[in-house]
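User: I would like a close look at a single part of this model, and then a connected account of how the rest is arranged around it. Please take your time over the details.

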Amino acid sequence: MIYSARITARRTEAAGIYTFTMRFVDNDVRRAYSFKAGQFNMLYAFGVGEVPISIVSDPADSENLEHTIRIAGRVTGVMAGWKVGDVVGVRGPYGNGWPVEEARGRDVVIVTGGLGCAPVVGLINYIFRRRDQYDELHILHGVKTPNDLLYRERFDEWRRAPRTKVYLTTDKPDKSWHYQIGVVTELFDELTAPPSSIVMMCGPEVMMRFAAQTLRHKGIGDEAIYLSMERRMECAVGLCGHCQYREHFVCKDGPVFSYRTVKQLFGISNI
Ligand SMILES: Cc1cc2nc3c(=O)[nH]c(=O)nc-3n(C[C@H](O)[C@H](O)[C@H](O)COP(=O)(O)OP(=O)(O)OC[C@H]3O[C@@H](n4cnc5c(N)ncnc54)[C@H](O)[C@@H]3O)c2cc1C
């Protein structure tokens, strides 16, 4: 079922990347809707098509939904023109979300690259709202250029929080950059997370593979590493088969999988 939602705010994060806040038009739908950190919605540009987009806002406020959209092609190209007051279509939430229960009482390591940080913003908000239930939080984020750094103020805010370490890095620094330089896996040299930690990753698959390999040297096993996978999908409910891998559907059984499952499912060798 597609519900109408009105855009209430629009923010430019970087060139071609926008965050939209939206509220369901129908009061009953708005009150009944809830989601988990790491889930996504199918956003519909009427008359054009719909695409899966992660929910980046706090699950504790399910009435004001935020989505960060990178303009990639046909449908997101139309979304670039969405303005405050426009009514758009929303169907969801879909997917399994992050393993927040399993993470309870442990150090949580969050590794992201590029726009990959969008699906973990809701997760970080979730942990901060229940800070006493989790041990140290380690946030590692890599971008190609300083201009690709989204949510700059949020990273600064998180860095100031107790029991939280934030590491940022870029491949191509400019004069404004005063964090680390290099690829995200180089940040692992400074990572103090114990082997009992749980890791949640999102970003380019090659980055996630190398990160998993490096984490193994730190004693963190494949079963404690979770990845959010991105695949083309249409129905989002496990019917159309677009995102099917053997018996698994990325839309329904994912998008979050343990690295152990990902290796079997996607045929990734034991790197
Ligand atoms: C679970 C999930 C969560 C997502 N969350 C976000 C998000 O928070 N923000 C965001 O900006 N995007 C997100 N995406 C990606 C987004 O859905 C695609 O960028 C969008 O579907 C592109 O549609 P389009 O019609 O604009 O582009 P198209 O015209 O269909 O494609 C443009 C180009 O992008 C490629 N492409 C399209 N979709 C994908 C994909 N899923 N994986 C790899 N390449 C693709 C195409 O091959 C083509 O080269 C998510 C995808 C999934 C599966």
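In what order do the six strands of the open sheet lie, and is the pairing parallel or antiparallel? Please carry on from there to the ligand and to the other sheet.

Analyst: This is a predicted model, and the description below should be read with that in mind. The six strands of the sheet you ask about follow the order S4-S3-S6-S1-S2-S5, the sheet is open, and its pairing is antiparallel. Strand S4 (49-54) and strand S5 (65-70) stand at the edges with a single partner strand each, so one side of each has no neighbour in the sheet. Averaged over this sheet, and with direction ignored, neighbouring strands are turned by 40° against each other.

Within this sheet, strand S1, which covers residues 3-14, pairs with strand S2, residues 17-24, in the antiparallel sense, and eight bridges connect the two. One position to look at in this pairing is Arg 6, whose bridge partner in S2 is Arg 23. Strand S6 (residues 87-94) holds Pro 93, and the peptide bond that joins Gly 92 to Pro 93 is cis, with an omega of about 5°.

The two edge strands bring us to the ligand, since S4, S5 and helix H2 (74-79) each supply at least two residues of the shell around the ligand. S4 gives the most, with four residues. The ligand is surrounded by 18 residues, and the closest are Pro 52, Thr 68, Arg 70, Thr 76 and Arg 232. Sorted by class, this shell contains nine nonpolar, four polar and five charged residues. Domain 1 (3-94) and domain 2 (100-265) both give residues to the shell, so the ligand lies between them.

Several polar atoms of the protein can be placed against particular atoms of the ligand. In the case of Thr 68, a backbone N or O atom lies 2.8 Å from a nitrogen atom of the ligand, whereas for Gly 73 a polar backbone atom is 3.1 Å from an oxygen atom of the ligand. With Thr 76 the side chain takes part, and one of its N or O atoms is 2.4 Å from an oxygen atom of the ligand. On its own the ligand has 900 Å² of accessible area, of which the protein covers 73%.

The other sheet is also open, and its seven strands follow the order S10-S9-S8-S7-S11-S12-S15, with mixed pairing. Strand S10 (180-181) and strand S15 (256-258) stand at the edges of this sheet, each with a single partner strand, so one side of each is left without a neighbour there. A parallel pair in this sheet is formed by strand S11, residues 198-202, and strand S12, residues 225-228, which are connected over four bridges. In that pair, Cys 202 has Ser 228 as its bridge partner in S12.

Two backbone details remain to be checked in this part of the chain. Ahead of S15, the loop that runs between helix H7 (250-253) and that strand contains Pro 255, and a cis peptide bond joins Gly 254 to Pro 255, with an omega of about 10°. Arg 163, found in the loop between helix H5 (152-160) and strand S9 (164-170), has a positive phi of about 55° although it is not a glycine.

Conventions: Residues numbered from 1 in each chain as written. Predicted model: local features only at pLDDT ≥ 70, side-chain atom pairs only at ≥ 80, totals over all residues. Heavy atoms only, no water. Pairing = 2+ DSSP bridges. Axes fitted to C-alpha atoms, helices over the stretch in contact; angles between N-to-C directions. Near = heavy atom within 4 Å. Polar contact = N/O pair within 3.5 Å; in protein donor to acceptor, adjacent residues only side chain to side chain. Areas by Shrake-Rupley, 256 points an atom, 1.4 Å probe, with all protein chains shown as cover. Nonpolar A, V, L, I, M, F, W, Y, C, P; charged D, E, K, R; others polar. Domains from an automatic or database assignment.
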